[in-house]
Amino acid sequence: MVRIFTDPDEAPNGILNLERFGPKPQTASEGGVVEVYTDGSCHGNGSTDAKCGSGIWYGEGDERNTSTRVGPPLPLTNNTGELIAILESIQQNESAQSINIASDSQYAIETLTKLSQTWLSKGLAGVKNPEIVSALMGEIMAANGRINLRKVKGHSGDHGNDAADILANAGANKPEPDSIDLTMGKAISALGAKINTLSQAQAYRLIMRHKTVGERTRTARMMIRTRAAVEASTDTDFPAEAIWSSLRQRKKGTLSQKFSVFAWKGLHEGHKAGLYWKHINPDRLICQPCNAPVEDLSHILTECRMSGQETIWALAQKAWELTGLPWPEISLEMILGIGKIVVKDDKGKVLDGRTRLLRIMISESAYLAWLDRCEWRIGREQNTLRAHTKKEITAQWRSIISRRLRIDWALTNKVAFGKKALRPAEVKRTWKGLTMANNFKALREDITVQGVLVGTGGTACQRRPPGRNR
Ligand SMILES: [Zn+2]
């Protein structure tokens, strides 16, 4: 299997063959093709107090954009920053069909193409940055899809490259180093001198075995928990790949783009919440009003007094009960795995409309709790007196669910959506029991009305102009 590609004029050999080009980059939403720009940054290159960072840029305002601070014992150099950025971009997309990486680092590209090829046959003795290089080789060999490496010119007005540069600088300026997962390098070292006697397929199998028994990464741990939650609900043990692609495909618009990114980040434990703050700012590690030692995603979505989750889940459950089906137990893991969770009737037959409704309810509700938590923490400066009121949360939730029903009907437009259009029958099966008896396009009044709606517009993170009365 050919695994890494670059422009043949740039580098005629590849880590593991290099005869073909990768496909032309497609848009990120299509078929699991991911496009990223990576960059490294280092102030005080090479010195012990140098500030070294990595940046990964997916797109404007994309929540997956990453800034990493690289710390000792790794050598603090520009090249380290460049390699770590590529390493993490592969780790973040381990199941993607292909990853198109644009880097301005001639060093990184040569390392991963020409030089790695030689090292694979001669061993890693004398190689610079051996921990990082071997971790990268391990990740590349274990990656699911193909990896396309593209050289861009640095500081030449390339928008993606400039944006990755800004992220790398932000990483270098973070107060504390991030933890970087180099465990795949240990798999390569474990193979040692044997590696040059192995066929690629043999090496790949050995690395994968090491990967499953070796030290788990944060992502792998969260994925195991999510798979277990999905299995408990569906009696099927889906592979990690199926969980990832359930977030990527977003069939029939069931899961919103925003929720997909949120869950993707949640599976990577990539949100700026909980343990993220452990070494940076212990005040932000805890949830003070709840007296919780760690304000992690699980706390925010299922326990916290400040995120509105209690009110939100009560509203969702009450609406769901109109279907006559039991409401599932809510956990972080089932939220992250919601794209694979199904609703069955008592004979075990999957109910597609109810499945779709549950996925909409759970994903929208969880995302609202996350937004309200962020708004309270940032927009309302963690002032407990300015917590979202029950009335406010209720209005937000109702407005979001009504909006989803309106979007569903809009998606039935065959002129606009062609083959991708929803069938009116599908929309009816999804919302049956929740809409008015004589008007499938409106939610039942007991779900929508009650109390005066505050003008939330559905996005909780929108700040109101200061000083204006609501
Ligand atoms: Zn809390």
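**Figure 1. Helix α9 and the residue that comes after it.** Right after α9 sits Glu269, and its phi is positive, near 45°. Keep in mind for this and every other view that the model is predicted. The helix itself runs over residues 257-267. Which of its residues are buried? They are Phe259, Phe262, Ala263, Gly266 and Leu267. Look at how they are arranged around the axis: these residues cover an arc of only 135°, so they end up on the same side of α9.

**Figure 2. The largest nonpolar core.** Here we zoom in on a core of 54 residues, the largest nonpolar one. Which residues have the most contacts inside it? Look for Leu301, Ile312, Ile335, Met361 and Trp370. Helix α14, which spans residues 352-379, gives the most to this core, with 12 residues. Pick out Trp370 and check who its partners are: once you set aside its neighbours within four places in sequence, Trp370 is in contact with Phe262, Ile300 and Leu301. You have already met Phe262, one of the buried residues of α9. There is also a second core, separate from this one, made up of 44 residues, and it includes Cys52, Leu112, Met137 and Ala168.

**Figure 3. Helix α12 packed against α14.** To describe two packed helices, people give the angle between their axes and the distance between the axes. For α12 (residues 309-320) and α14, the axes come within 9 Å and cross at roughly 165°. An angle over 145 degrees counts as roughly antiparallel, and that is why α12 is called roughly antiparallel to α14. The contact uses Gln309, Ile312, Trp313, Ala316, Ala319 and Trp320 from α12, and Met361, Ser365, Leu368 and Ala369 from α14. Two of these names, Ile312 and Met361, should ring a bell, as they are among the residues with the most contacts inside the largest core. If you are wondering about handedness, α12 passes α14 in a right-handed crossing.

**Figure 4. Helix α14 again, now with α17.** This view follows α14 to another partner, helix α17 (residues 424-431), and the two axes come within 7 Å and cross at roughly 65°. Are these helices roughly parallel or roughly perpendicular? Angles from 65 to 115 degrees count as roughly perpendicular, so α14 is roughly perpendicular to α17. On the α14 side, the contact is made by Asp352, Gly353, Arg356 and Leu357. On the α17 side, look for Glu426, Arg429, Thr430 and Trp431. The crossing of α14 and α17 is right-handed.

**Figure 5. Val230 and its company in space.** Val230 is found in helix α7, residues 218-234. Is Val230 buried or exposed? It has 25 C-beta neighbours inside 10 Å, so Val230 counts as buried. Not counting residues up to four places away in sequence, Val230 touches Phe238, Ile243, Gly337, Lys340 and Ile341. Take Lys340: along the chain it is 110 residues from Val230, yet their C-alpha atoms are separated by 6.8 Å. For the chain as a whole, among contacts between residues at least 6 apart in sequence, 70% join residues at least 24 apart.

**Figure 6. Arg150 in a strand.** Now for strand β6 (residues 146-151), where you will find Arg150. Arg150 has 17 C-beta neighbours inside 10 Å, and because of that it counts as partly exposed. Asp104 is 46 residues away from Arg150 in sequence, and in space the two are 8.3 Å apart, C-alpha to C-alpha.

**Figure 7. Loops with unusual backbone details to look for.** Begin with the loop between β4 (66-70) and α1 (78-91), which is where Pro73 sits. What kind of peptide bond joins Pro72 and Pro73? It is a cis bond, with omega about 5°. Next, go to Asn291, in the loop between α10 (282-285) and α11 (297-302). Asn291 is not a glycine, but it has a positive phi of about 60°. With 8 other C-beta atoms within 10 Å, Asn291 is exposed. Last, Glu381 lies in the loop between α14 and α15 (390-410). Glu381 is not a glycine either, and its phi is positive, about 50°. Glu381 is exposed, with 8 other C-beta atoms within 10 Å.

How values were computed
Residues numbered from 1 in each chain as written. Predicted model: local features only at pLDDT ≥ 70, side-chain atom pairs only at ≥ 80, totals over all residues. Core = buried A, V, L, I, M, F, W, Y, C linked by C-beta atoms within 7 Å. Buried ≥ 20, exposed ≤ 12 C-beta atoms within 10 Å, placed from the backbone. Helix = DSSP H or I, 4+ residues; strand = E, 2+ residues; numbered from the N terminus. Contact = placed C-beta atoms within 7 Å. Arc of directions from axis to C-beta. Axes fitted to C-alpha atoms, helices over the stretch in contact; angles between N-to-C directions. Parallel < 35°, antiparallel > 145°, perpendicular 65-115°, else oblique. Left-handed = near helix turned anticlockwise from the far one by under 90°.
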